[in-house]
Amino acid sequence: MKIGTPTEVFEGEARVAMTPDSALQLQKLGHECFIQSGAGQKASFTDAAYEEAGVTVLPDAATLFDTVDIVAKVRAPSDDEAKMLKSGQTLISFFNPAGNTELLDLCKDQGATVLAMEMIPRISRAQKMDALSSMANIAGYRAVIEAGNNYGRFFTGQITAAGKVPPAKVLIVGAGVAGLAAIGAATSLGAITYAFDVRPEVAEQVESMGAEFVYLDFEEEQTDGASSGGYASVSSPEFREAQLAKFREIAPEMDIVITTALIPNREAPKLWLEDMIASMKRGSVIVDLAAEKGGNAEGTVPDEKIVTDNGVTIIGYTDFPSRMASQASSLYATNIRHLMTDLTPAKDGVVNQNMEDDVIRSATVTHGGEITFPPPPLKIK
Ligand code: NAD
């Protein structure tokens, strides 16, 4: 099949869904690869590098959409892009099918098959295709780098001839994929790192990465807010009060707070409140990785950096993976390549849209002129 990647049209998006390396792998599956001229430029992949990897460079998006059987993208298509999709053509990209119903309808009406990357089930077999995780890993790491860029002091403690430097204290709220990556980055820079999550089972992971798990003064075992399937649910009012009380107690000591707390299909819980921000030291930094879902910190403005009256910087950027476009593209393109491996079981360049396969079925949100979202429950948990 012919698989091709256009330049991302979403403003500021620097990632690209195919790299020269991923193209080499796709060709081993029997596919022919195409790229729009300049699509990889912001991620440091030149047209020449693609050509060297056997990729055909096409002049514009219209030609690309017209040429290929499978369009691989990062962001959900714009309306104009969706209108270029043809019957029988496949689109693979992030899509947010629950929030993008009109776009879903449009793709269905075009007769295209759409595989939404965020719908890849989070089961062991599909980890190599899990773009939510690969991007969250980057976001967590980059959040620490961004915090450091805005924090006027060292992370690590030092004793120098010019004086003693205390280590920075970093709190990570939410120890999922992004939170664990942030812990890794903060501890490796030498900060004293603390982390909190409503799921107590992550305490061991947090501690194994050299951070201290923040336990609550809560009568019952710290299990409230945890639910099955590895995701959080809404906390009880009592648990939430205990959590906020603990945060209030430690806020004045923290130099950097990175919040990553999310509950599936809900607005992000507000956990770092105005009074906590007001009690933080001048020069402290909050990076709110939940900004896109409304933010964990009060006062977060999505896509902006603000400084409060008491000198606390609150960063609400929502494009952390794009800020590391080269790395993010490599990992995302690898996720797509693994999905293509599942879609091409005979490695003969022929796609088998096997709707009996849990991973393919879950990811497929339109197929055969029908909307196939939401998917049925997984056969294998
Ligand atoms: P997420 O982005 O949905 O949430 C981030 C974190 O916020 C979670 O750890 C959650 O417990 C935490 N949180 C929610 N409410 C909170 C609150 N009030 N206070 C503090 N923390 C709060 O989560 P994620 O990073 O996508 O990962 C969730 C789980 O899924 C993890 O257990 C992870 O290991 C698992 N996972 C499994 C796979 C796989 O098996 N393929 C892949 C990715 C993730």
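User: At what angle do helix α1 and helix α12 pack, and how far apart are their axes?
Analyst: α1 (residues 20-28) and α12 (residues 325-343) pack at about 10 degrees, with axes 9 Å apart. Axes here are lines fitted to C-alpha atoms, for helices over the stretch in contact, and angles run from 0 to 180 degrees between N-to-C directions. Helices are DSSP runs of H or I with at least four residues, numbered from the N terminus. By the way, this is a predicted model: local features need pLDDT of at least 70, side-chain atom pairs count only at pLDDT 80 or more, and totals for chains, interfaces and linings use all residues. Residues are numbered from 1 along each chain as its sequence is written.

User: Is α1 roughly parallel or oblique to α12?
Analyst: That angle makes α1 roughly parallel to α12. Angles under 35 degrees count as roughly parallel, over 145 as roughly antiparallel, 65 to 115 as roughly perpendicular, and the rest as oblique.

User: Which residues meet there?
Analyst: On the α1 side you've got D21, S22, Q25 and L26, and they meet S330, A333, T334, I336, R337 and M340 in α12. Contact means C-beta atoms, placed from the backbone, within 7 Å. By class, that contact has four nonpolar, four polar and two charged residues. Ala, Val, Leu, Ile, Met, Phe, Trp, Tyr, Cys and Pro count as nonpolar, Asp, Glu, Lys and Arg as charged, and the others, Gly among them, as polar.

User: OK, how about α6 and α7, what's their angle?
Analyst: Those two pack at about 40 degrees, with their axes 7 Å apart. That makes α6 oblique to α7. In their contact, 12 residues are nonpolar, four are polar and none is charged.

User: Who's touching whom?
Analyst: Residues of α6 including S133, A136 and Y141 meet a set in α7 that includes V177, L180 and A186.

User: New topic: which residues come nearest to the ligand?
Analyst: Of the 30 residues around the ligand, G174, G176, G230, A232 and A261 come nearest. A residue counts as near if its C-beta atom, placed from the backbone, lies within 6 Å. The elements giving two or more residues to that shell are α6 (131-150) and α7 (177-188).

User: Which one gives the most?
Analyst: α7 does, with three residues. The whole shell divides into 16 nonpolar, 10 polar and four charged.

User: Last one: where's A278?
Analyst: A278 is in helix α10, residues 274-278. A278 has 13 other C-beta atoms within 10 Å, so it's partly exposed. Buried takes 20 or more, exposed is 12 or fewer, and partly exposed is in between.

Conventions. Two residues are in contact if their C-beta atoms, placed from the backbone, lie within 7 Å.
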